[in-house]
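Welcome! Here are a few short exercises to work through, each followed by a worked solution. Keep the structure open as you read.

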Amino acid sequence: MCGIVGYVGPRQASDVLIGGLARLEYRGYDSAGVAIIGENGLDIVRRVGKLVNLTGAVAETPVPGTIGIGHTRWATHGRPSEENAHPHADCTGRVAVVHNGIIENYVELREELAATGHMLRSETDTETIAHLIESYYDGDLVAAVSSAIKRLDGSYALAVMHLDHPGMMVAARKDSPLIIGIGEGENVVASDIPAVLEYTREVLILNDDQIATVSGDAVRVTTLDGHEVGAPEMLHVEWDLEAAEKGGFEDFMLKEIFEQPKAIRETLRGRMCEGEIQLSELDMAPEQVARIGRVYIIACGTSFHAGMISKTIIEQWARVPVEVEVSSEFRYSDPIIDDDTLVVAITQSGETADTLAGVREARDRGAKVIAITNVVGSRVTRESDGVIYTHAGPEIGVAATKTFTAQIAALYVLALKLAQAKGALPQERIEHLWSELSRMPEIVETILEDIDGLKECGARYVGASSSLFLGRGIGVPVAMEGALKLKEISYIHAEAYPAGEMKHGPIALITEGMPIVVVATQGHTYEKVVSNIQEVRARGAQVIAVATHGDDEIHRHAEHILYVPATAESLSAIPATIPLQLLSYYIAKARGCNVDQPRNLAKSVTVE
Ligand code: AGP
């Protein structure tokens with residue numbers, strides 16, 4: 001949550017900061033601000049709302065200077081307002097701070113600071129940091145930042161400037177991401193890689209409890225006690241800025257939907273060799289894999305739905321019981337974990353605070369934790385025993401699309417690996433499933449080649465206020481993901497249910513003309529799904545069915561059919577998802593919604 005950028009070098013800082021914030025806007029967009037040190041001192045400009053408001057203000061009244069910090073906010077403490085927007089200053093106006101994270105003891109700190117005469121002007125937890133730095137400052141900014149952060153409970157990524165030090169900034173982190181792009185004669189501090197790529201591909205990854213002193217030509221990393229960190233962690237970024245830009249599509253979300261064949265192909269690449277499923281990332285001997293007696297999956301949102309899909313698959317193929325738990329619940333649920341439990345943490349960003357907390361809980365209880373993530377070097381990769389990467393490329397749209405289907409692909413590989421190690425499926429069946437799975441990129445391409453029907457269907461439901469999504473078996477989490485996409489980006493109320501559960505209550509919600517989306521692809525419960533469709537149609541619902549090519553029968557039961565190619569029932573989750581993503585997309589577009597940055601959301605949720 002919240003995006004931070006800091007710049008020091010020869011360029012005009014405002015250009016770098018605003019460009020960087022634009023690439024981080026997916027992290028939050030309730031307000032934005034910059035602080036720049038120039039000839040006239042320290043200038044702070046902040047605006048409520050999206051970055052465009054700040055950009056306009058800076059264009060109207062330029063803020064010259066070659067060192068600055070910027071922030072795009074996702075509100076936690078204090079409503080979105082100019083006073084609560086970052087950067088925050090101390091009483092003297094000489095210290096400026098931007099922060100991502102949550103200071104849990106901020107009430108206590110505010111009271112202490114107010115009692116010693118500090119004037120706090122916002123409702124935020126962040127402002128306390130600026131005043132703490134002020135109170136500890138005696139000419140040494142690094143020491144003051146270090147003393148201040150020793151007082152903080154909670155999470156933070158910080159960039160700090162002081163008017164007495166016009167050529168340097170101080171950055172620090174704990175449990176919130178922060179990297180430093182190392183350029184030639186310039187350095188850029190940021191919450192995420194896309195913000196620095198215009199200037200460099202060499203990235204220093206700041207770790208927890210480290211402080212970086214950043215000037216134009218040097219970065220010095222120390223511990224909180226001032227000991228030099230000999231070899232800070234470095235990363236060379238392979239992907240370029242273009243990969244993170246729209247490439248001719250109207251929105252990132254649409255671009256990312258169309259990137260799914262590639263994302264799935266890349267995620268599956270090299271996973272089968274001479275009949276053996278390759279998953280060295282598990283870092284376990286075959287007998288250890290064979291001993292896994294239980295799998296716990298922890299994840300949030302869309303990643304949780306990928307986890308639910310894999311529960312069906314792992315249980316069916318490997319005959320291992322799987323528990324899927326929302327990360328924020330797992331941590332407090334006193335989970336039953338023993339030596340034979342494998343915990344799989346699924347997180348696209350690798351920075352989701354709830355999932356990270358779950359990972360720590362699982363490891364404290366002695367579980368082996370494998371992360372499935374899309375972001376190289378992200379937090380979860382350091383906190384887990386092994387990492388399986390999805391190779392989807394950067395996902396900028398707040399609504400997860402290509403990372404979801406890539407996660408499912410990775411989970412299919414994991415399920416096959418477990419099935420093979422345990423001897424739960426005959427070798428021929430494993431090879432057959434693998435070859436079906438390998439067809440998935442082409443199957444998705446086929447769906448994406450013909451989307452006119454989806455556009456029309458979307459336009460028809462632009463005025464809907466409520467909807468239901470139904471499915472059975474693997475179709476239930478697919479329906480849940482479809483409903484999440486619709487509510488996230490179009491703001492239409494959408495609920496997902498197992499189709500057979502409708503008659504036990506939710507059927508009372510149905511009114512004339514209500515759109516009901518049903519996952520009705522071929523499978524062993526197809527006939528039951530058709531009966532459930534009849535139940536809802538008898539009550540006036542308009543049915544949109546996702547069905548398998550060649551199913552002509554379905555025309556008698558649904559107003560709209562979204563066809564997908566035939567595949568094995570257990571692999572149908574990926575094809576069935578694509579029309580649901582596009583349906584939500586076209587409904588949201590027809591309603592004039594910003595699909596890339598839906599209201600109230602942020603791409604990485606780094607607070608618990
Ligand atoms: C998906 O469209 C959402 N924006 C959200 O539910 C997301 O999947 C969730 O916050 C988890 O994120 P993660 O995969 O990065 O952990």
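The exercises below deal with a predicted model.

**Exercise 1.** Find out which residues have the most contacts inside the largest nonpolar core, and where this core lies.

*Solution.*
- Step 1: The core consists of 87 residues, and Trp317, Val344, Tyr412 and Leu582 have the most contacts inside it.
- Step 2: With twelve residues, helix H13 (residues 402-422) gives the most to this core.
- Step 3: Residues come from both domain 2 (252-438) and domain 3 (452-590), so the core lies between them.

**Exercise 2.** Take tryptophan 317 and list residues it touches, leaving out those up to four places away in sequence.

*Solution.*
- Step 1: Among the residues that tryptophan 317 touches are Tyr412, Ala415, Leu416 and Ala419.
- Step 2: The list also includes Ala424, Leu425, Leu433, Ser570 and Leu571.

**Exercise 3.** Work out the strand order of the open sheet with six strands, and name its edges.

*Solution.*
- Step 1: The order is S5-S6-S7-S8-S12-S13, with antiparallel pairing.
- Step 2: Strand S5 (88-89) and strand S13 (219-223) each pair on one side only, so to speak the edge strands.
- Step 3: Look inside the sheet: strand S7 (residues 156-162) and strand S8 (residues 169-174) are joined by five bridges. Valine 160 has valine 170 in S8 as its bridge partner.

**Exercise 4.** Which strands does helix H4 lie across, and which does helix H5 lie across?

*Solution.*
- Step 1: Helix H4 (residues 126-136) lies across S5, strand S6 (95-100) and S7, at about 140 degrees to S6.
- Step 2: Helix H5 (residues 141-150) lies across S7, S8 and strand S12 (210-214), at about 145 degrees to S7.

Technical notes. Residues are numbered from 1 along each chain as its sequence is written. This is a predicted model: local features need pLDDT of at least 70, side-chain atom pairs count only at pLDDT 80 or more; totals for chains, interfaces and linings use all residues. Side-chain values use heavy atoms; hydrogens and water are left out. A nonpolar core is a set of buried Ala, Val, Leu, Ile, Met, Phe, Trp, Tyr and Cys residues joined through side-chain atoms within 4.5 Å. Buried means under 20% relative accessible area, exposed over 50%, partly exposed in between (1.4 Å probe, protein chains only). Helices (H or I, at least four residues) and strands (E, at least two) are DSSP runs, numbered from the N terminus. Domain bounds come from an automatic or database domain assignment. Contact means heavy atoms within 4.5 Å. Two strands pair if DSSP finds at least two bridges between them. Axes are lines fitted to C-alpha atoms, for helices over the stretch in contact, and angles run from 0 to 180 degrees between N-to-C directions.
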